Amino acid sequence: MSNPVTDPRWEIEPLIVRTRRIDDPGELISLLPDAGQLAWVHGGDGLVGWGRAAQFGWTGPERFDEADRWWRTLANRAVVRDDIEAPGSGLVAFGTFTFSDHAEGSLLVVPEVVVGRRDGVCWLTTIGRAITAAPALEAASPARAVAVALEDDDSRRAAWRDIVATAVDRIAADELDKVVLARSVDAVADEAIDVRHPLRRLAQEYPSCWTFHVDGFFGSTPEMLVRLEGGLVTSRVLAGTIRRSGDDHRDLALAASLARSSKDLEEHEYAVASVADALAPACTGMNVPESPFVLHLPNVMHLATDVTGVLREEASALSLAAALHPSAAVGGTPTTDAVELIEEIEGMDRGRYAGPVGWIGANGDGEWGIGLRSAQVLEDGSRVRLFAGCGIVADSVPADELAESDAKLVPVRSSLES
């Protein structure tokens, strides 16, 4: 671990931060310029930003600790005037972290401009090395959709079914109880894709999810890894999925079958237990519901449980996210064995998929979702890699898991379409 006294990364010039109340600017994502966009939006509220006042990147198993220490140093040196003092006002950083300890791409970004809305209160924050005038806010030029083609042929689909079958065999051999396997599909266009187009569609079509964008990684996740606000810790666990039919009466029956499914309940129980165990050392007065509820999204339904607790010791939202990652919902059970199997048989680099993504404030509060229903812009911006994963247990059927992964690809795939 590096020494903040001698490491040049900790020679941080103080940032000057000014937050002012503003009139409602309308749809937050519509304010984003055509470069440097950052977003974390839920139900119309949230944060958007642009520019880079500071950033920190790190690779390796200590990436969370290093990022948290860098952030604490930067926050302690900042000069802040905050007229709002709401979650997300004042100094904030947006972040995205890789699933694997070995992958590159973990990043904290402090924007130059942040616009936020919460419970009808709107604000503008400017961040820089000197006092900065507040920019005029207006809707940016509309994002333009481009035609994309998916690269997902029969051979790739068959290969992934074989990987699932291998995992089922390993589970049957009592090597582990559950593993979460992911697959990727590339969407290719003839020109650079304007990420504001899929962001806007995702925010409009999935308002109950958290729509995000950091450094080309974007999506709309239904799963809150951890929220820390005023000492209250919350984590939403999703595990167990069924595709919606489009018929309301049929969907009610499907929801009931999901709530009774032994396979899905078993998968969900593993995920809830892993989150509760990870949070227990940092929390007191924890509440872990005995039974999940069914979360209805436009394309799928999930078994969901909200785990809550009261923080018992000094910690930040980022350090809590580090303690939780990877949970059984994105890795498996036992987690160490599951992650080893993922590295052995999955055959791809997840990058930031299924890693924490979100934001942190100067006081350590913040929100970190799991980077699901997501994609990464690649190369010159004309190629986007979409990701989806499924929890595999002893009675998983490869063809059914492939169909489930197709359903989980729908949100981002549809958002890219013109």
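These are my notebook entries on a strand, two cavities and some aromatic rings in this structure.

**Before starting**

I'm working with a predicted model, so I keep in mind that side-chain atom pairs count only at pLDDT 80 or more.

**Entry 1: strand β6**

I began with β6, which covers residues 92–96. Is this strand enclosed or open? I found that five of its five residues are buried, so the rest of the structure largely encloses β6. I then checked which way the residues point. Val92, Phe94 and Thr96 point one way, while Ala93 and Gly95 point the other way. Both sets are buried.

Next I looked up the partners of β6. One is β20, residues 356–361, joined to β6 by five bridges. The two strands run antiparallel. I noted a facing pair here: Phe94 of β6 stands opposite Trp359 in β20. Another partner is β7, residues 107–110, and here I found three bridges. This pairing is antiparallel as well. Which residue of β7 stands opposite Gly95? I found Leu108 there.

**Entry 2: the cavities**

I turned to empty space inside the model. Rolling a probe the size of a water molecule over the atoms shows where such space is left. How many cavities of 30 Å³ or more are there? I got two.

The largest cavity has a volume of about 170 Å³. I noted 18 lining residues, and the closest to the centre are Leu238, Ala329, Leu372, Gly389 and Lys408. Three elements give two or more residues to this lining: β15 (232–243), β23 (383–392) and α8 (398–416). The largest share comes from β15, with four residues. I also sorted the lining of the largest cavity by type, and got eight nonpolar, five polar and five charged residues.

The second largest cavity holds about 40 Å³ of space. I wrote down its lining: Tyr206, Cys209, Ser220, Pro222, Leu297, Asn299, Arg373 and Pro411. Sorted by type, this lining gives five nonpolar residues, two polar and one charged.

**Entry 3: aromatic pairs**

I searched the whole structure for aromatic pairs and found six. One of them is Phe56 with Trp70, which I logged as stacked, at 5.3 Å centre to centre with 25° between the planes. Where do these two residues sit in the chain? Phe56 is in strand β4 (residues 54–57) and Trp70 is in helix α1 (residues 63–77). They are 14 residues apart, and the pair links distant parts of the chain. Phe56 and Trp70 are both buried.

Another pair I looked up is Phe212 with Phe217. I logged this pair as tilted, with 5.3 Å from centre to centre and 40° between the planes. Are the two rings' residues buried or exposed? Phe212 has 0% relative accessibility, so I count Phe212 as buried. Phe217 is also buried, because its relative accessible area is 0%.

I also noted a cluster: Phe56 and Trp70 turn up again, joined by Trp58 in one aromatic cluster.

**Entry 4: charges over rings**

Last, I looked for charged side chains sitting over ring faces. Arg183 lies over the face of Trp160, at 6.0 Å from the ring centre. I logged Arg350 over the face of Phe99 too, at 4.3 Å from the ring centre.

Conventions:
Residues are numbered from 1 along each chain as its sequence is written. This is a predicted model: local features need pLDDT of at least 70, side-chain atom pairs count only at pLDDT 80 or more; totals for chains, interfaces and linings use all residues. Side-chain values use heavy atoms; hydrogens and water are left out. Buried means under 20% relative accessible area, exposed over 50%, partly exposed in between (1.4 Å probe, protein chains only). Two strands pair if DSSP finds at least two bridges between them. On a 1 Å grid over the protein atoms alone, a cavity is a set of points where a 1.4 Å probe fits but cannot get out, and a pocket is an open set with protein on both sides within 12 Å along at least five of seven lines; lining residues have an atom within 4 Å of a point. Grid points are joined across faces, edges and corners, and a volume is the space filled by probe spheres set on the points. Ala, Val, Leu, Ile, Met, Phe, Trp, Tyr, Cys and Pro count as nonpolar, Asp, Glu, Lys and Arg as charged, and the others, Gly among them, as polar. Rings of Phe, Tyr and Trp (its six-membered ring) pair if their centres lie within 6.5 Å; planes under 30 degrees apart count as stacked, over 60 as edge-to-face and the rest as tilted. A charge sits over a ring if NZ of Lys or CZ of Arg is within 6 Å of the ring centre and within 35 degrees of the ring normal.
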